[in-house]
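Here are a few friendly notes to read with the model open beside you. Take the points one by one and find each feature as you go.

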Amino acid sequence: MKLLHGLVTIVPVFLTAVSAGSILFKKGTIIAYNKETKGLRVIREGSVLVENDRITGVYEDVPPGPLPRGTETVDISGKIITPGFIDTHRHGWQTAFKTMASNTTLIEFFGRYSSFVAPFFWNDTDVYDSQLAGLYEALNAGVTSSLDHATHTWSLGASGAGLQACIDSGARVFWGFSFANISGLVTVEDLYPVFRQMAAKPGLKNSPTTLAVSYDGWGPNPNVAEIDKIMALAQELNASVITTHSLQGPWGFTNSPEDINALNYLNISTPIIFSHASFLTPQGASLLRSTNQYISITPESEMHYGQTHPFSYDIQDQASLGIDTHITFSTDILTQARIWLQQTRYERYLSVLKADTLPGSNPMSVEQAFLLATRNGALALRRDDLGAIFPGAKADLVIWNAKDSPALMGWVDPVAAVILHASVGDIEAVLVDGKWVKKNGKLVAKGWPQARERFLKSAKKLQAIWRDLPLPVPPPEFNGHSVVHPARVDVVRGEGDGYGGIYV
């Protein structure tokens with residue numbers, strides 16, 4: 001190993017959340033889940049009882065019997081209570097680059113903002129502050145669970161910093177330790193002992209965060225010995241999920257269901273989530289269904305960076321939603337669900353219109369979008385106790401202030417109210433594992449103001465460095481395909497096109 005930052009001791013001052021042994025939410029509209037129909041169940045003026053980290057009762061009125069001693073009662077009359085959103089693909093450590101890449105492409109991203117560049121400028125504290133800030137932003141937006149493809153594992157110190165931030169945040173994070181070779185810095189062989197140390201990290205077992213694995217070397221030319229060692233470690237250390245970037249098509253790097261199936265690792269008990277799966281083949285889709293593995297669609301990212309998603313519309317029964325890197329957009333899954341809903345409708349309508357016919361029905365419902373943002377994420381992670389409201393589920397909950405919000409005035413359908421009309425500003429409260437992380441419209445994690453100030457200093461330092469780095473010139477080809485410039489849009493009458501620049 002040519003460079004290995006020392007493990008910086010970061011004192012976990014952010015004592016994750018405000019605790020409550022039991023909480024009764026009463027007189028609200030509940031978007032619950034019906035396991036028999038695999039659909040939603042709306043209960044009006046109902047109640048939800050939380051005891052410790054679990055939902056123990058869902059009632060159409062108030063609980064019939066006595067409440068546990070010391071129960072906190074919260075009147076949510078006129079409000080909506082939903083399960084927390086689940087993000088199945090994110091890179092939280094990159095938060096410090098926010099607004100720096102507003103007009104970038106995926107090829108430029110690789111050469112400027114990725115883990116192949118950042119480690120030579122970031123220190124461990126930067127990783128901690130940026131990861132923590134990103135998780136707080138997500139919690140504020142009602143995202144209670146996330147699968148983090150943690151590409152910041154380039155050293156022992158950076159790995160420990162990012163994982164500690166997950167633990168301290170109070171969020172439910174499936175922290176995917178990334179095994180990757182970074183030229184001039186670290187090899188996969190170097191990372192095996194680091195992964196073991198992360199599995200033994202103090203505080204991990206008593207937090208909602210769990211250890212996962214991220215790996216992008218499945219195909220097209222896999223190192224079988226390396227894969228076997230990583231998978232043996234994942235099994236030994238009980239990794240909760242495996243995740244990989246899968247693009248295929250002209251992008252050249254596959255990491256496809258076919259690749260993993262050929263190595264006899266697809267049909268295993270551990271969930272495997274394929275991020276993007278932009279050019280998923282019919283055979284790949286069939287393999288996903290037969291092995292019950294999922295993809296993570298990141299709608300805004302795939303539009304912004306150019307991965308696209310031409311085949312994702314037809315595999316939504318094995319799909320969930322993700323954010324990707326939120327340096328270029330917000331961390332809220334609500335926005336992704338809304339974008340994806342309308343994009344899917346557009347594509348289905350367009351195919352009808354191209355046949356010189358007219359659509360007679362709407363091809364995708366708000367309930368389907370809601371399920372993608374919640375329950376499907378849980379199914380992708382093979383966590384039956386997440387992404388839904390029913391007795392026995394984890395108490396990861398979001399309270400929407402539909403009573404006072406100008407955007408939600410006059411609502412009748414709570415699912416439509418959330419998916420089509422609400423915003424992050426309408427989220428009044430968030431719980432993870434039965435603990436308040438947002439209350440009365442504000443984050444309540446102890447140390448949040450200090451975390452904010454630390455992040456702002458770190459971000460200012462890093463942004464100044466990147467501001468002075470020259471923009472990479474697009475190569476003539478990438479992975480065997482020519483790189484060309486799309487036709488640029490013109491929004492200005494006469495001379496000029498209004499493209500402008502970035503203001504950093």
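1. Two strands count as paired if DSSP finds at least two bridges between them. Helices (H or I, at least four residues) and strands (E, at least two) are DSSP runs, numbered from the N terminus. With that in hand, look at E6 and strand E7 (residues 143-150), which pair in the parallel sense over four bridges. Along this pairing, Arg 90 sits opposite Asp 148 in E7.

2. A word on the source: this is a predicted model, in which local features need pLDDT of at least 70 and side-chain atom pairs count only at pLDDT 80 or more, while totals for chains, interfaces and linings use all residues. Residues are numbered from 1 along each chain as its sequence is written, and side-chain values use heavy atoms, leaving out hydrogens and water.

3. Now widen the view. E6 and E7 belong to an open sheet of eight strands with parallel pairing, in the order E6-E7-E8-E9-E10-E11-E12-E13. Its edge strands, E6 (85-90) and E13 (319-321), each pair on one side only. From one strand to the next, the twist averages 25 degrees; axes are lines fitted to C-alpha atoms (for helices over the stretch in contact), and angles run from 0 to 180 degrees between N-to-C directions.

4. Next, the pockets. On a 1 Å grid over the protein atoms alone, a pocket is an open set of points where a 1.4 Å probe fits, with protein on both sides within 12 Å along at least five of seven lines; lining residues have an atom within 4 Å of a point. The largest pocket has a volume (the space filled by probe spheres set on the points) of about 1,200 Å³. Of its 40 lining residues, the closest to the centre are Asn 103, Thr 104, Thr 105, His 485 and Pro 486. Helix H1 (106-112) gives the most to this lining, with five residues.

5. The second largest pocket holds about 870 Å³ of space. Which residues lie nearest its centre? Among the 43 that line it, they are Phe 110, Phe 116, Asp 216, His 245 and Phe 253. H1 again supplies the largest share, here three residues.

6. Finally, a helix pair. The axes of helix H9 (residues 333-354) and helix H10 (residues 366-373) come within 9 Å and cross at roughly 135 degrees. That makes H9 oblique to H10, because angles under 35 degrees count as roughly parallel, over 145 as roughly antiparallel, 65 to 115 as roughly perpendicular and the rest as oblique.
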